[in-house]
Amino acid sequence: MSKASELKLNAIAKDARKHQCDAIVIGVGQGKDGPVLLPNPLPPKADKALSDSLGILGVTGAVDEVRRMPGLPELNADVLVLAGVGRKGTDDEYDDEAFRRAAGSAVRQLAGMESVLLALPASTLAQAAAIAEGAVMGAYSYVQYRHVSAASQRETVRNVTLHTPLADDAELATVLNRAAVIGRCVNSTRNLVNEPPSDLYPETFATAAKELSRNLPVKVTVIDEKKLEKDGYGGILGVGKGSSRPPRLVKVEYAPSKAKAKLAFVGKGVTFDSGGLSLKPASGMMTMKLDMAGAAAVLNSVLAIAELGLPVKATAWLCLAENMPSGTAQRPSDVITTYGGRTVEVLNTDAEGRLVMADALAAASEEAPDVILDVATLTGAQMVALGSRVSAVMGDDGVRAAVKEAADRSGEQFWPMPFPEELRPTLDSSVADLKNIGDKFGGMLTAGIFLQEFVGETDGEKIPWAHLDIAGPAFNEGQPYGYTPKEGTGVAVRTLVAYAEDVVSRTS
Ligand code: BES
Ligand code: MN
Ligand code: ZN
C-alpha cells in the first residue's frame, strides 16, 4: 500500500503577518445578529473593514463555508480565507469540535495549495489539538487507483502552521505530535476501507497489518485457515467458506512493560459482504467493501496507542473473511461450532458479522483482559436507528458510559443503546445453542445481544465489555464535510485511543 507523504504541522505565536504561506485562514462564526469575525491576526483596520463587509460579501459563517479573498498588502500570503465555524454551543463558547471541523474543512477545500496558516483562535491546548487533528484529517485524499484522472486531482496541503499564543508552551509539541499520530492512524483506516476488495482480502489485509506495524513495538500474529481449523474457529471459517480467498484471524499486540491495564479490541473484518447465499440485492452490495472498517479501526487504534507509548496493554483482534456465495459456501440452516464450543444455527448467511466476531470475542476473553471493546459495521438497523453519522454503543453500563465520554471528547458521535431482555429469547434455536437472527424489530440490539453471549468471564465475573456498531458512520456515501472525506471515514479510532488515555488517567 503506498503511503501519501504526510502533512507537516507546526505552530507560531506572533508575527502572523510576516509568515509566508499560500493562505491565511481566519474564522467566521454565526452570531445572533449575523456573521462575526473571530479574533484574528489581521491589522485592526483590516479586521474592522472586513467585519463590516461580511454581510454584503454574503459570508454567513456556516460550517463548511470556505471563502477565498485576495491577500492584504500587510500579509505575506496571496490568499485570505474565511472559514465558517458555525454557532456557539450552549455554554456560549465554540466547542472544540467546531474548530476541528472548520480547520478540516478549510484544509480539505484548499487542496492544491502548499502551505496554510490556520489563524483560528486557539487559546487552549484542547483547541489547538482539535485544530491540528482537523487539519491532518482534512488533508486526506485517496488517489491510489487513479491513473488517467490523477493529473486533475489537486494535491493535499503539505504544510500547516497553527497561529496560537501557546506556540511557546512546552506541551504544545506533545499535543501536535498526538494530533499527527491520531490523524495518520485515522487516515490509514480510511485507506484500508477505501481499498477495493479485489486487492484487499483476508491474506492481503494480514500483510497490510504487518507492514503498518513495522517500526512499532507491536507483535503481529497471523492465524491462517489451517490453524483456524485446528483450533476450532468455526465462525470465521463458516463465513469464509464460500470464498476462494481463505480467512485469517490477526492478533496485533502492544504490551509495554509498565502497563496499567489490559485492553482487548475486536474488529469485524469482512473484506466484502455479498451476503453469501442469503445474497444481498445489487443496490445493497455496492458499498460492502466497507465491512472491514471495524478491523481497520481496531488495528490502527492499537498502532496509535503504541506510537503514543501509552502505558496500557492493547490487543487488536482482526476477524478477516470474505462472505461469498458459491458451491462451498455455508447454507442457511447449517450449524457451526464457534471457538470455545458454542453452536450456532446459521439461518441467514448475511448475518455473518456476528459469527466472525463470536470466535474472536471468545478467544480474546481467554486472555482475561480488563475490558473488551468490539467495533463492527454490524447491522443496517444501526442506520435505521441513528442515521449515517451517529454510531451506537451497547453493553455494560459503565463501559458504555466511558466509551460515550471518550467519544464526546474526541469529536466522534456515539449514542448509548439498550439490551431489552425480551430480545434474548428470539435468538433461541430449535437445533443449536443459538441462531444467528432474531425477530424483525430491534435488529441492532439483537445483534449486540448475540455478541454478548461470547464475552467470557474471569474468576466467575463477566469481562466488562461494550459493542460499537459503526455501520453508517464508517462510510460516507455523500459529499465530503468538515474533515470527513467521501467513503472511508476512519471512525472509532479517535474514540478507542481516547478511551485508552482515560483508562491511563483513571489508574494513575
Ligand atoms: N454488513 C452488514 C451490515 C451493514 C449494512 C453495514 C449496511 C453497513 C451498511 C451486515 O453483515 C448485514 O448484512 N446485516 C444484516 C443482518 C440481518 C440479515 C439480520 C442486515 O443488517 O440486514
Ligand atoms: Mn451481512
Ligand atoms: Zn456484514
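**Notebook: two metals, one ligand and some loose ends**

I opened the metal site first and found Asp273 bridging the manganese ion (ligand 2) and the zinc ion (ligand 3), which sit 3.2 Å apart. Asp273 belongs to strand E10 (residues 262-273), while Asp350 is in the loop between strand E13 (343-346) and helix H10 (353-366), so this pair ties together parts 77 residues apart in sequence. I note here that the model is predicted.

**Entry: manganese**

Which protein atoms serve as donors to the manganese ion (ligand 2)? I listed Asp273 (OD), Asp350 (O), Asp350 (OD) and Glu352 (OE). They lie 2.1 to 2.2 Å from the manganese ion (ligand 2). Asp350 appears in that list with both O and OD.

I then checked the angles. The 6 donor atoms around the manganese ion (ligand 2) subtend 71 to 170 degrees, and the arrangement is therefore irregular. For six donors to count as octahedral, opposite donors must be over 155 degrees apart and all others between 65 and 115. Along the chain, I read the donor spacing of the manganese ion (ligand 2) as D-x76-D-x1-E.

**Entry: zinc**

Next I turned to the zinc ion (ligand 3). Its coordinating residues are Lys268 (NZ), Asp273 (OD), Asp291 (OD) and Glu352 (OE), at 2.0 to 2.4 Å. What geometry does the site of the zinc ion (ligand 3) have? I noted octahedral, with 6 donor atoms and angles of 79 to 175 degrees among them. The donor residues of the zinc ion (ligand 3) are spaced K-x4-D-x17-D-x60-E in sequence.

I compared the two donor lists. Glu352 (OE) is a donor to the manganese ion (ligand 2), and Glu352 (OE) also coordinates the zinc ion (ligand 3).

**Entry: cover on the metal residues**

Are Lys268 and Asp273 buried or exposed? I found both buried. Asp273 has 3% relative accessibility, and the cut-off for buried is under 20%, so Asp273 counts as buried. Asp350 has a relative accessible area of 22% and is partly exposed.

**Entry: ligand 1**

I looked at what surrounds ligand 1. There are 17 residues around it, and Asp273, Lys280, Asp350, Glu352 and Gly380 come nearest. Asp273, Asp350 and Glu352 are also donors to the manganese ion (ligand 2). By class, I logged the shell of ligand 1 as 6 nonpolar, 4 polar and 7 charged residues.

Then I went through the polar contacts. An oxygen atom of ligand 1 is 2.7 Å from a polar backbone atom of Gly380. Lys268 places a polar side-chain atom 3.2 Å from an oxygen atom of ligand 1. Thr377 has a backbone N or O atom 3.5 Å from a nitrogen atom of ligand 1. Taken alone, ligand 1 exposes 520 Å², and the protein buries 78% of that. Lys268 has a second role here, through NZ on the zinc ion (ligand 3).

**Entry: helix H13**

How many residues of helix H13 are buried? I logged 8 of 10 for this helix, which covers residues 443-452. The buried ones are Met444, Leu445, Thr446, Ala447, Gly448, Ile449, Phe450 and Leu451.

**Entry: positive phi**

I looked up two residues other than glycine with positive phi. Asp92 has phi near 65 degrees. I placed Asp92 in the loop between strand E5 (77-86) and helix H2 (96-109). Asp92 is partly exposed, at 44% relative accessible area.

Ala368 has phi of about 50 degrees. I placed Ala368 in the loop between H10 and strand E14 (371-376). At 32% relative accessibility, Ala368 is partly exposed.

**Entry: Thr337**

I found Thr337 in strand E12 (residues 334-337). Its relative accessible area is 43%, so Thr337 is partly exposed. I also checked Leu237, which is 100 residues from Thr337 along the chain. Their C-alpha atoms are separated by 9.8 Å.

**Entry: Asn476**

My last lookup was Asn476, in strand E21 (residues 475-476). Asn476 is buried, with a relative accessible area of 11%. Which backbone oxygen atoms lie 3.0 Å from a polar side-chain atom of Asn476? I noted the backbone oxygen of Gln479 at that distance. I noted the backbone oxygen of Pro485 at 3.0 Å too.

Technical notes
Residues numbered from 1 in each chain as written. Chains lettered and ligands numbered in written order. Predicted model: local features only at pLDDT ≥ 70, side-chain atom pairs only at ≥ 80, totals over all residues. Heavy atoms only, no water. Near = heavy atom within 4 Å. Polar contact = N/O pair within 3.5 Å; in protein donor to acceptor, adjacent residues only side chain to side chain. Areas by Shrake-Rupley, 256 points an atom, 1.4 Å probe, with all protein chains shown as cover. Nonpolar A, V, L, I, M, F, W, Y, C, P; charged D, E, K, R; others polar. Donors = N, O, S within 2.8 Å, 3.2 Å for Na, K, Ca; no water. Tetrahedral: all angles 85-135°; square planar, octahedral: opposite > 155°, others 65-115°. Buried < 20%, exposed > 50% of the residue type's maximum accessible area, 1.4 Å probe, protein only. Helix = DSSP H or I, 4+ residues; strand = E, 2+ residues; numbered from the N terminus.
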